[in-house]
Amino acid sequence: MQNVLDSSSVLEVLRPVEDPELRKSLVELNMIRNVKIVDGKVSFTLVLTTPACPLREFIVEDCQKAVRKLPGVTDVSVEVTAETPQAKSLPDRNGVPGIKNIIAVSSGKGGVGKSTVAVNIAVALAQTGAKVGLLDADIYGPNDPTMLGLESAKINVRQGEKGEILEPAFNHGVKLVSMGFLIDRDQPVIWRGPMLNGVIRQFLYQVEWGELDYLIVDMPPGTGDAQLTLTQAVPIAGAVIVTTPQNVALLDSRKGLRMFQQMNVPVLGIIENMSYFIPPDMPDKQYDIFGSGGGSKTANELGIPLLGCVPLEISTRVGGDNGIPIVVADANSASAIALTKIALAIAGKVSVAALT
């Protein structure tokens with residue numbers, strides 16, 4: 001133990017403290033910066049790999065405990081900030097300038113609440129201070145504007161040097177682009193693959209996204225043209241699969257998962273939505289309307305994580321209809337807590353993948 005209290009001794013006692021997910025020293029990862037010492041009071045900046053770090057408080061506590069062991073320390077102050085790492089590039093795919101990580105939220109079939117999950121994950125990440133965008137790639141059924149309270153919004157289109165540039169709408173801390181802004185409310189989209197391909201590429205490359213830590217892509221259900229376009233166009237940091245516990249949903253989710261794996265897209269895990277029903281008048285009761293344990297069983301069989309189970313609550317549906325996602329409308333509800341934990345877990349896995 002060094003007797004001199006200086007920046008070197010502070011860094012030395014912090015060297016054994018590791019990032020719990022990366023399993024590497026905070027000092028070696030350059031996550032400890034700006035060490036200052038004034039009359040026994042030690043301060044430094046802890047630079048996390050994501051604003052949505054789920055273990056933030058534990059890391060801060062470990063740092064404080066380590067520094068307090070030094071003789072002469074009277075106080076330890078930790079300023080926490082974050083620098084989200086960029087997903088690894090791929091030689092045959094073009095990244096989107098300014099966007100660090102693209103995350104696909106997909107499902108094998110419709111009706112499992114994929115858009116609800118995607119919207120709430122995006123908003124939950126934004127609540128941590130991350131810069132977040134949401135690309136509604138469900139061209140035939142664009143519901144994200146409604147769920148984000150942007151149903152009446154209009155997006156501006158201006159002429160840029162290389163063609164038209166779309167300016168995304170914004171609410172609840174999230175930038176949004178959707179086909180819902182470009183067509184009338186009751187107008188069906190009757191397109192073949194090439195047209196679908198074109199609009200998804202436009203949403204990627206001709207939108208003024210700015211600087212984003214995460215772009216969440218709400219995929220259409222299934223394994224069709226939209227999925228192929230996205231996976232072949234850009235490097236995707238990871239995909240998550242949304243399912244219900246019901247067998248028919250799980251069977252389709254496995255196909256969607258295998259598609260991403262065949263396209264060399266990392267699968268971050270499975271989200272079991274509508275895991276159980278909580279009656280509003282009996283919050284202590286749970287009913288397994290769609291069965292139980294299916295998501296966990298499938299995750300174990302396929303060797304991927306179960307990111308979380310989201311209950312079915314009436315307030316979640318009401319929030320989606322009213323344009324106030326449940327993580328905003330009732331942050332203490334069971335579904336909001338589950339969705340927030342899932343968002344933090346996704347952010348953690350994306351950072352680990354980028355740095356390992």
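How many helices and strands does the protein chain have? I looked this up before anything else, bearing in mind that the model is predicted. The secondary structure comes to eleven helices and 15 strands.

**Overall shape.** I checked the radius of gyration next: it is 22 Å, close to the 21 Å from the globule rule for 356 residues, so the chain is as compact as a globular protein of that length. Along the principal axes, the C-alpha atoms fill a box of roughly 75 × 60 × 40 Å.

**Inside and outside.** I asked what share of the chain is buried, and 51% of the 356 residues count as such. On the outside, the protein chain exposes about 16,600 Å², with carbon and sulfur atoms supplying 48% of that area. I then went through the contacts with a separation of 6 or more, and 74% of them involve residues 24 or more positions apart.

**Charges.** I noted 31 positive and 37 negative side chains. The centres of the two sets lie 4 Å apart.

**A look at α7.** I picked out helix α7, which covers residues 247-262, 16 residues in total. From first C-alpha to last it reaches 23 Å, close to the 22 Å expected at 1.5 Å a residue. Which residues of α7 are buried? I wrote down A249, L250, S253, G256, L257, M259 and F260. I wanted their packing partners too: the buried residues of α7 pack against two strands listed with their ranges as β6 (102-106) and β13 (238-243), and also against β14 (267-277), α6 (225-233) and α8 (294-302). Last, I looked just past the helix, where N264 follows α7 with a positive phi, near 60°.

Terms used:
Residues numbered from 1 in each chain as written. Predicted model: local features only at pLDDT ≥ 70, side-chain atom pairs only at ≥ 80, totals over all residues. Heavy atoms only, no water. Helix = DSSP H or I, 4+ residues; strand = E, 2+ residues; numbered from the N terminus. Rg over C-alpha atoms; globule rule 2.2 N^0.38 Å. Buried < 20%, exposed > 50% of the residue type's maximum accessible area, 1.4 Å probe, protein only. Contact = heavy atoms within 4.5 Å. Areas by Shrake-Rupley, 256 points an atom, 1.4 Å probe, with all protein chains shown as cover. Lys, Arg positive; Asp, Glu negative; His and termini not counted. Charge placed at Lys NZ, Arg CZ, Asp CG, Glu CD. Expected span 1.5 Å × (residues − 1).
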